[in-house]
Each structure stands twice: as structure tokens, then as C-alpha cells.
Amino acid sequence: MVFRRIRGMFSNDLSIDLGTANTLIYARGRGIVLDEPSVVAIRHDRATGGKSVAAVGEEAKLMLGRTPQSITAVRPMKDGVIADFTVTEKMLQYFIHKVHESRLISPSPRVLICVPCGSTQVERRAIRESAAGAGAREVYLIEEPMSAAIGAGLPVHEPHGCMVIDIGGGTSEVAVISLNGIVYSASVRIGGDTFDDAIVNYVRRNYGTLIGETTAERIKHTIGSAYPGSEMLEMEVKGRNLAEGVPRSFTLNSNEILEALQEPISGIVGAVKMALEQTPPELGADVAERGIVLTGGGSMLRGFDRLIEDETGLPVVMADDPLTCVARGGGKALELIDERATGLFSVE
Amino acid sequence: MSEIRSPSPEAPSTPDTVMHPGQRLRQQREARGLEITRVASQLHLRPETIEALEQDRYDQLPGPVFAIGYLRNYARLLGVDPTPLIEAARAAPQQQKTLPTRSRPQRNLAEATSRWMMRLISLALVAAAIGMLALWWQSRPELTPEPIAEQTDEPPQSAPRTPPQQTAVTPSTPGPAPVTAPPAAPAQPMSAAPQAEPRPTPAPVPTVPVQPAPLEPVPRSTALPRTLATAESAPVDTETPPEVVIESPTSPAAPPEVALEFTGNCWIEVRDVNRRIILTGELRAGDRRVLEGEPPYRFIIGNTAMARLTIDGEPFDLDARARGNVARFTLDPSQPD
């Protein structure tokens with residue numbers, strides 16, 4: 001305990017956005033110091049039957065879908081929560097060490113982790129223990145929408161309602177915040193990964209061709225769109241033709257992707273409408289006056305803000321650098337820990 | 001300057017207009033013939049908000065995130081690239097108070113330096129603590145044998161020192177220190193005995209002239225008249241006689257022979273009860289030394305593996321006393337344990 005405290009003096013306090021798709025780390029006083037995919041490649045040693053970590057992050061993501069039998073590239077997080085406890089712990093350990101790379105003393109930082117507001121107590125405890133196992137001295141949890149709102153620069157402490165939508169890799173969160181607290185929150189298990197799956201399914205159904213998740217993600221980034229735009233984008237894609245069993249190339253356009261994404265997007269829109277219905281009228285009026293703030297990597301899908309604006313009839317604004325909002329908000333909350341222990345942090 | 005230029009609609013991207021994003025938006029809106037109310041309804045905002053945007057009055061907007069967001073949406077509606085407008089809005093002086101993130105790094109810097117100072121100070125403290133611990137640890141093996149030696153040395157030294165003074169007053173009764181003194185009080189006459197007795201025996205003969213003679217002639221002389229040696233006889237030179245006190249129980253018999261044999265090179269130092277060196281130096285394989293002088297002996301044996309200690313031919317376990325390969329201990333041959 002004492003040693004952890006001493007080591008803690010040589011560690012930076014960290015805010016971790018442990019996302020399904022990407023893990024971001026914000027170090028106090030240094031800003032965003034790590035942004036890597038939440039992927040771990042595990043090597044199976046057949047001789048001893050043991051497992052070892054082959055690669056983590058960017059390097060492991062390149063291995064996704066391209067691994068030999070002895071290596072498995074896995075995403076230890078699923079739907080915003082831990083799917084594989086041990087691998088998550090290893091991944092966190094790796095990231096925490098990477099952030100403190102140049103230090104002699106092994107780090108023992110205070111860590112704040114963002115959790116989906118829909119996560120259960122068991123899931124939260126798993127995240128807490130996983131971080132503690134990775135070397136954290138103290139672990140705080142904060143709900144993602146709160147962290148996202150702080151990171152976006154919303155005046156969360158004011159007695160005004162703010163609505164924030166955070167579209168992550170595995171989950172999308174909608175919350176109404178006022179006076180440092182969450183008044184209403186909802187979480188749907190739809191996110192960037194769901195968009196990728198939808199694209200994979202669409203291509204298989206319409207082109208009889210199988211594409212991988214990585215290709216689907218690339219399609220989403222390049223020509224994905226949630227709202228019909230004036231220009232149509234095209235992209236050449238290669239995949240395995242199911243009928244012929246041979247790789248074939250074909251061209252996809254943004255309208256097709258818009259069609260492919262209809263289902264997951266309508267799920268998110270439904271959640272937003274539900275949130276507006278459930279919001280107390282005073283706060284609802286505030287939201288109508290100021291608008292909805294979009295954060296999270298998924299909100300960078302082309303035209304997503306216009307779609308929400310169209311569907312709700314309310315102003316929708318996109319936060320600056322939406323991908324890092326949650327981690328930055330966690331970092332700001334971390335700075336508040338010493339000043340005043342607000343009700344920002346969630347209990348287990 | 002910007003006010004003069006602003007009415008002219010064809011100056012879309014000069015630096016002046018970029019400095020005032022609201023003016024540029026208004027120009028674009030007017031160029032397209034759009035009313036504020038129409039823009040407001042399309043953006044789902046109030047007309048006052050649009051006016052505030054056009055007049056760069058960001059303090060009337062709910063917050064920086066909304067101000068930037070509204071600007072972006074407005075620019076997109078008019079088909080203008082929002083990036084330069086947003087940058088200009090961020091750089092605008094009014095915006096500074098609504099964008100607190102700009103001034104934050106300074107606080108962070110101060111915070112970071114104070115944290116570093118804390119770290120440096122704590123590192124120095126930890127280093128100092130480790131250093132002191134290391135010093136203490138290093139000095140420990142030196143210290144530990146001494147208390148053992150003193151324990152064995154002290155009682156005989158201190159005990160006899162008092163009896164003579166007291167016995168000077170009451171010669172025949174060594175009254176006040178009977179607890180420690182039973183061996184000590186009668187020791188003085190007895191102490192003479194071991195030294196007097198060995199003389200006839202052949203072995204210790206050479207020691208008598210070599211060691212005690214130059215420094216301590218007095219005890220010898222007092223020691224000789226065995227029966228005359230009462231307590232008063234040696235009140236001054238108490239040091240040598242009392243040390244032999246320990247021997248007293250076995251004094252009637254000859255002291256055991258302590259011999260050292262070597263099977264290899266070994267550095268050794270042996271001191272007698274007076275801490276005088278009776279044997280020192282490096283001894284080689286095959287050497288044998290019989291210790292002379294008054295026990296108990298204080299040994300420092302540099303290589304216990306190559307040394308063998310016998311007391312009257314009985315081997316003595318050096319390994320039990322060794323720390324590493326070096327043994328430091330005090331041995332009274334009459335009481336090997």
C-alpha cells in the first residue's frame with residue numbers, strides 16, 4: 001500500500017475511455033497521450049499450452065482477421081463492457097505502462113474510467129478490478145455521458161438541462177444532465193461496431209460477397225453517411241464472392257451505405273426520441289432552446305447531426321474533436337477530485 | 001476598417017472579413033436573399049441567436065460548444081466552409097471568456113511544476129532513507145560481534161574493579177558484590193593460580209616473557225605469592241587479574257589447549273582477553289598454531305572453510321559461528337559453548 005503510494009507520486013493521474021473500439025488515455029497535465037484500438041493479439045503456445053500477449057493496440061488491430069492458428073486477435077470489450085477480464089487487464093496494464101514509458105518506477109496512477117450508464121454493477125466491478133489489477137492505485141468510475149458532456153465543454157454544473165448523445169463503438173448513450181447530475185439516461189447497444197456489421201450484412205445480401213470487419217470500417221469512414229447528401233461518394237471494395245469462392249472487387253456508393261445503416265441509425269434515433277419524451281418539461285425546454293450535443297466517434301458519420309436535427313426538430317451541434325470528448329471530460333473530472341468531491345463519480 | 005468594407009458583398013475571404021465570421025455569414029445570407037427568420041427556422045434556433053451570431057456577440061450564446069456548433073451549422077446551411085470561420089471565432093477577443101480552455105494550459109503548467117517539485121523532494125527523501133539504511137546495514141556486521149565480546153569481557157572487568165576498593169576497607173569480606181563476585185572476589189588469589197600454575201608446565205612457558213612482560217609486570221609479581229595474594233594485594237592493576245576470572249572454575253586444572261590447523265590459505269586474527277593480538281596474519285596449508293595467552297579469545301577467521309579449531313583435540317564447529325565464510329566470535333576454551 002505504502003509502496004503504491006510512493007510509486008503513485010511518480011505516476012500521472014489518468015482518465016481512461018475504455019471503449020469497445022478504441023481506448024483513449026488522458027494524462028493529467030499532458031492531454032491525450034494514447035489513442036489505440038482496444039485489440040489484443042494472444043499467442044497460444046501449443047507446447048506448454050500457455051498464452052502470452054503477442055501485440056496490443058494498433059499492432060494487434062492490423063492482425064485482426066489475418067492471424068495464423070497460433071495467434072488470436074480479440075477485442076476484450078464488447079458492448080462497452082468487459083467480455084474477457086484477463087485480456088482486458090493485460091491490455092490496461094500495457095497501456096498504463098506505455099503512457100509511463102520513460103519511468104524507472106513501475107507506475108501506480110489514480111485512474112478514472114468511463115463506464116456506460118447502462119452497465120450493471122457486476123460489469124462496473126469487473127472494470128474497477130481490472131484496472132486495479134493493472135496497477136491502478138485508486139479507481140474511480142464515471143458515467144460516459146457525464147464525462148462526454150464535461151469533455152464537450154457543456155456547463156454541466158448549471159441549473160440548465162443539456163442533452164448529450166455519445167455514440168461509441170459498442171453502445172450509444174443519451175443523457176440529460178443538470179447540476180452535475182444525470183437526470184435521465186439511456187443506453188442502447190448500438191454503436192460503430194453495429195454499423196460495421198450492418199455494412200457486412202448489406203454487402204453479403206446485395207453483392208453475395210463477404211467482407212471483413214476492417215474493410216467494413218474503412219467503407220464506413222470513407223463513404224458512410226447517415227443523411228442523404230448532395231454528393232455521392234464511391235469506393236472500390238474487394239471481398240470474397242460467396243458463389244464463386246474467389247475474391248472479387250466491386251464498387252459501393254454512399255447511398256447504398258446509407259441504406260445499409262438505416263436499421264442501427266433508427267435505433268439510435270428512437271433512443272433520442274424516447275429520451276426527449278422522458279425528460280422533465282423544464283429541462284426539455286432548455287434542450288429545445290440550446291440544442292443537443294453530439295460526441296463519440298460514431299457521431300462523425302457523415303450527416304449524423306443533420307439526421308438527428310431533422311428527426312427531432314431541435315438544433316444539434318457537434319462537439320469539437322468528438323472522438324476524445326469522453327477521455328478529456330474524464331481528465332477534467334479527475335482534476336475536480338482534489339478540489340471538491342462532487343457527485344460526478346458513480347458508485348458501484 | 002472592416003466596417004467600411006463590410007457593406008460590399010464581394011469580399012468573401014479577405015482577412016478582415018475572416019476576422020469577423022458573423023459579418024461574413026451575414027453577407028452570404030444577404031447575397032442569397034435569405035431572411036433571418038427563415039435561417040432561424042431552418043437551424044431550429046431563435047432569430048435573436050442568429051443575430052447574435054452575425055454580430056459576433058458570443059457571450060449571448062449558451063456556451064462555446066454551442067456557439068461553435070451554431071456557426072458550423074449556419075456556415076453549412078449557406079454552403080460556406082466552416083473551418084476558417086470557427087478558427088476566427090475562436091481567435092476573436094469576445095470569445096476568450098467563453099473559451100476557458102485557452103487559458104487552462106497555464107494553470108496546468110503551474111500545477112505540473114509543483115507536482116514535479118513534489119516528486120523531486122520525495123525522491124530525494126527516499127534516496128536519503130535508502131542511503132541511511134544502507135549505511136546502517138553495512139555497519140551492522142561490525143557492531144554485532146562487539147556486544148558479544150563485551151558481554152564476556154565486561155563482567156570480569158567491572159566486577160573485580162569494585163571489590164578491591166571495597167575490600168580495601170573490609171579486607172576479608174567481599175560483601176556488597178556477592179552476586180557477581182563469588183567467582184570474582186576470590187578470583188584474585190585464584191587468578192594468580194592459572195598463571196602461576198602453567199609455569200611449571202612446559203607448554204605455556206614461552207608466552208610469559210613475550211606478552212605480558214613488557215606491559216604488565218605488576219600482576220605477575222602479585223600473582224606469584226599465591227597464598228599471600230589477598231584481595232588487597234592488587235588494588236591498582238585490576239585489569240589483568242580479573243579477566244581470568246572466567247577461568248576460575250576450571251582453574252585447578254590446566255587450561256585446555258586451543259589449536260588451529262589450516263588446510264589452505266587463511267587470514268586470521270586472535271586476541272586474548274586483554275585484546276592484545278596473540279596471532280595474526282595469513283597462514284598457509286599445513287600450518288598449526290597453538291594459542292597461548294589468556295582466554296577468552298576473540299577470533300576473526302577469514303576463511304573458515306580452510307581452518308580447523310580444536311580444543312584439547314576436540315574439534316570445534318566453526319561453521320556455526322561463520323557468517324558467510326568469515327567467523328567472528330569469542331571463545332572461552334574452558335566453556336566452549
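In this predicted model, B:Phe329 comes out as buried, because its relative accessibility is 7%, under the 20% cut-off. Its ring partner, B:Phe316, is also buried, at 12% relative accessibility. The two ring centres sit 5.8 Å apart with planes at 25 degrees, so the pair is stacked. This contact links distant parts of the chain: B:Phe316 belongs to strand 7 (residues 314–316) of chain B and B:Phe329 to strand 9 (residues 326–331) of chain B, 13 residues apart. The two rings don't stand alone either, since B:Tyr297 and B:Phe299 join B:Phe316 and B:Phe329 in one aromatic cluster.

Over all chains, the structure holds seven aromatic pairs. One of them brings together B:Phe66 and B:Tyr70, a tilted pair with 6.1 Å from centre to centre and 40 degrees between the planes. Here the partners are four residues apart in helix 6 (residues 64–78) of chain B, so about one helical turn separates them. B:Phe66 is buried, with a relative accessible area of 1%, and B:Tyr70 counts as buried at 1% relative accessibility.

Now for the charged side chains. Those of opposite charge can pair when their charged atoms come close. The count comes to 23 salt bridges over all chains. Among them is the bridge between A:Arg290 and A:Glu158, at 3.5 Å from N to O. A:Arg290 lies in helix 10 (residues 281–290) of chain A, while A:Glu158 sits in the loop between helix 5 (144–152) and strand 11 (162–167) of chain A, so the contact ties together parts that are 132 residues apart in sequence. A:Arg290 is buried, at 8% relative accessibility, whereas A:Glu158 is partly exposed, with a relative accessible area of 26%.

Another bridge joins A:Glu244 to A:Arg248, with an N to O distance of 2.6 Å. A:Glu244 is partly exposed at 46% relative accessible area, and A:Arg248 is partly exposed at 38%.

Helix 10 of chain A turns up again in a bridge between chains. The side chains of B:Arg46 and A:Glu289 meet at 2.6 Å, N to O. This pair crosses from the loop between helix 4 (36–43) and helix 5 (47–54) of chain B, where B:Arg46 lies, to A:Glu289 in helix 10 of chain A. B:Arg46 has a relative accessible area of 43% and is partly exposed; A:Glu289, at 41%, counts as partly exposed too. Elsewhere, B:Glu257, B:Glu261, B:Arg288 and B:Arg308 are joined into one network by salt bridges that share partners.

Key. Residues numbered from 1 in each chain as written. Chains lettered and ligands numbered in written order. Predicted model: local features only at pLDDT ≥ 70, side-chain atom pairs only at ≥ 80, totals over all residues. Heavy atoms only, no water. Phe/Tyr/Trp six-rings, centres within 6.5 Å; stacked < 30°, edge-to-face > 60°. Helix = DSSP H or I, 4+ residues; strand = E, 2+ residues; numbered from the N terminus. Buried < 20%, exposed > 50% of the residue type's maximum accessible area, 1.4 Å probe, protein only. Salt bridge = Lys/Arg side-chain N within 4 Å of Asp/Glu carboxyl O.
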